[in-house]
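Me: I am new to reading protein structures, and I would like a close look at a single part of this one. Could you take me through one helix slowly, and then turn to the empty space enclosed in the model?

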Amino acid sequence: MTDVLEIRAEIEREIAGLTVCEQLRRTAERHPDAPAYSDPQGEGWATLTYAEARQRVLEIAAGFAALGLEPGDTVALMMVNRSEHVLADLGAVHAGGVGCTVYATFAPDQIAYVAADAGARYAVLGGPADLARWRPVLDRLDGLRKVVMLEGAPDDERFLSWQDLLDLGRARLAEDPAPVEARWRAVTADDVVTVLYTSGTTGRPKGVPLTHANMLYEVAATDRVTRLPERGTQISYLTYAHIAERVLSLYLPLVKASHVSFCTDLAGLGAALGQVRPMLFFGVPRVWEKMMARLQAVLATQPEERQAAVRRAMAAGVAYVEACQFGGVLTPEIEAAYEEADAGLLSVIRGMIGFDRAEWTATGAAPLPAEVQRFYAGLGLKVIDVYGMTETTGAFTGNAPDCYRLGTVGRAEPGVEVRIAEDGEILTRSPLNTRGYLNAPDAGAGLVDADGWLHTGDIGTVDADGFYRVIDRKKELIITSGGENISPAEIENRLKEHVLIGQALAYGDNRPYPVAVLTLDADVAPGWARARGIAFASLDELAGHPEVLKEVEAAVEAANARLARVQQVKRWALLGAEWTAETEELTPSLKLKRRVIHAKYATTIEALYGDAT
């Protein structure tokens with residue numbers, strides 16, 4: 001405990017009084033010509049240096065101030081990941097305001113709720129598609145003074161084009177830079193830098209205010225764990241409404257002077273990886289699963305002797321990554337076999353997918369299936385788990401490239417206290433914890449207790465070496481009619497180990513046994529079917545094909561073989577469409593909305609039980 005508190009005090013001394021504004025100034029002065037942000041432009045990239053980016057931020061801050069933004073005012077942001085998103089956010093903060101990215105998949109009513117709850121005075125939207133989500137509720141947002149449009153600003157006094165904001169700010173800053181200088185210097189470490197909304201797995205999303213001190217402590221702790229060099233390369237592609245993306249590709253780069261390249265569409269992630277070759281890459285499990293499925297599909301087209309060579313090389317990769325973990329034994333034989341496999345095939349495959357320079361690859365937000373982790377280990381990649389929440393400013397436990405244990409979410413981050421309560425709940429106490437929820441004292445009443453411990457709502461364990469495992473959400477554990485406590489996530493991850501199964505939901509609360517609702521993987525299933533001469537017109541038709549059903553039945557049996565008897569799925573249903581955030585089965589961060597799926601497929605689930613009692 002003494003060591004934890006000493007490390008905490010050390011980090012707090014390092015960041016004492018520091019704000020995001022001051023950090024940007026330091027980095028821009030230390031690395032003025034270093035590339036900061038790159039947007040795709042034609043076949044290449046359009047890049048801003050750190051000096052140029054800071055100048056743009058100050059101009060935007062002056063523009064917001066000219067529009068009437070007062071310290072503490074919120075600026076809502078909805079657009080794809082692009083430099084303007086970061087610049088608008090930082091511009092708002094430099095003017096004394098608060099940036100608040102709204103999930104682009106939110107329905108108009110959700111947008112209205114978040115904008116009103118956050119007290120948004122201004123909004124910056126990407127283009128017509130974003131405006132289409134806002135327009136139905138604009139008349140309900142009495143506090144919203146101006147909407148800035150990057151593209152397609154309507155001819156209406158409520159709207160302003162991005163270029164007009166820049167021109168206004170540039171003129172005001174040139175006329176007198178002192179007011180903006182005074183604004184950003186007046187910002188304190190205890191001021192709120194952003195409000196992020198939970199993605200709404202249960203009920204309305206809740207606003208989580210996070211301060212400069214919260215963010216910069218998280219960045220300092222992350223930096224100590226990852227140990228990445230300065231001026232590294234990375235890709236920003238997950239929404240900035242997600243805490244992980246904010247920490248890793250908005251605030252961490254300000255400390256590391258990293259070069260952030262933006263991927264505006266998840267469909268283009270593979271191409272972006274090949275061009276950027278990032279040193280740091282974070283993906284939620286669904287992203288890693290999708291990339292694995294695509295690579296497996298490519299490998300399956302190779303001649304059998306080539307596939308066999310890849311399997312042998314990947315076996316050496318798995319052995320190496322497993323041996324390198326904490327407590328493992330790296331023998332000369334394992335190391336030699338890996339070096340041979342790496343030189344011959346593995347480094348080539350990593351280069352093909354853009355991971356040849358990757359030094360830190362990680363996942364979080366939900367459990368990563370063990371087989372997915374093993375697949376990447378086979379390529380020589382340590383895709384390690386971190387664990388945290390929006391309410392803890394992101395990760396508060398994590399594996400490190402040189403200190404990890406597969407199947408765990410790592411150890412407590414530097415200066416962070418973590419413990420397991422008597423009922424198995426994971427608790428944490430550190431400078432990362434939020435003060436509570438915005439405008440919702442009742443909702444936050446049970447979040448942080450009188451002793452400062454934040455209650456995560458997750459059930460977990462810790463081993464003798466301090467590595468934590470997350471079992472499941474406390475409220476999501478299935479309790480069967482026989483009184484057995486079952487983790488649905490464990491069942492679901494076993495089911496998803498088969499390439500055909502894209503998503504899975506296990507159900508069984510107060511029922512005699514678990515059942516599962518499954519979806520086909522839309523990227524893999526068509527190729528799998530064509531390779532077997534199966535004709536189909538749609539994914540829905542494919543989901544009913546006898547050969548597909550036979551293969552899925554085998555997949556369920558294989559999963560059951562690795563589960564305890566009470567966990568085994570007795571019956572299942574295969575759907576003909578994937579779940580998405582747009583169809584509301586998933587949150588914007590790609591977690592299952594269990595209540596929505598339970599309600600939407602209630603008839604399907606009920607039919608799986610038939611006459612069971």
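Reply: What follows describes one helix and its surroundings, and then the cavities.

Please keep in mind that this is a predicted model. The helix to look at is α19, which runs over residues 546-560 and so has 15 residues by the numbering of its DSSP run. From its first C-alpha to its last, α19 reaches 21 Å, which is close to the 21 Å expected at 1.5 Å a residue. The buried residues of this helix are V548, V552, A555, V556, A559 and N560, and because they cover an arc of only 135° around the axis, they lie on the same side of α19. On the other side of the helix, P546 and K550 are exposed. The buried residues of α19 pack against several elements, among them the helices α16 (488-495), α17 (525-531) and α18 (539-543), as well as the strands β23 (501-507), β24 (515-520) and β25 (571-575).

One of these neighbours, β23, appears again when we turn to the empty space, since β23 and α12 (285-299) each supply at least two residues of the lining of the largest cavity. The structure holds 3 cavities of 30 Å³ or more, and the largest has a volume of about 100 Å³. Its lining is made by 13 residues, of which E289, M292, K496, I501 and D521 lie nearest its centre. The largest share of that lining, 5 residues, comes from α12, and the lining as a whole divides into 5 nonpolar, 3 polar and 5 charged residues.

Key:
Residues are numbered from 1 along each chain as its sequence is written. This is a predicted model: local features need pLDDT of at least 70, side-chain atom pairs count only at pLDDT 80 or more; totals for chains, interfaces and linings use all residues. Side-chain values use heavy atoms; hydrogens and water are left out. Helices (H or I, at least four residues) and strands (E, at least two) are DSSP runs, numbered from the N terminus. The expected span of a helix is 1.5 Å times one less than its number of residues. Buried means under 20% relative accessible area, exposed over 50%, partly exposed in between (1.4 Å probe, protein chains only). The arc is that of the directions from the helix axis to the C-beta atoms. Contact means heavy atoms within 4.5 Å. On a 1 Å grid over the protein atoms alone, a cavity is a set of points where a 1.4 Å probe fits but cannot get out, and a pocket is an open set with protein on both sides within 12 Å along at least five of seven lines; lining residues have an atom within 4 Å of a point. Grid points are joined across faces, edges and corners, and a volume is the space filled by probe spheres set on the points. Ala, Val, Leu, Ile, Met, Phe, Trp, Tyr, Cys and Pro count as nonpolar, Asp, Glu, Lys and Arg as charged, and the others, Gly among them, as polar.
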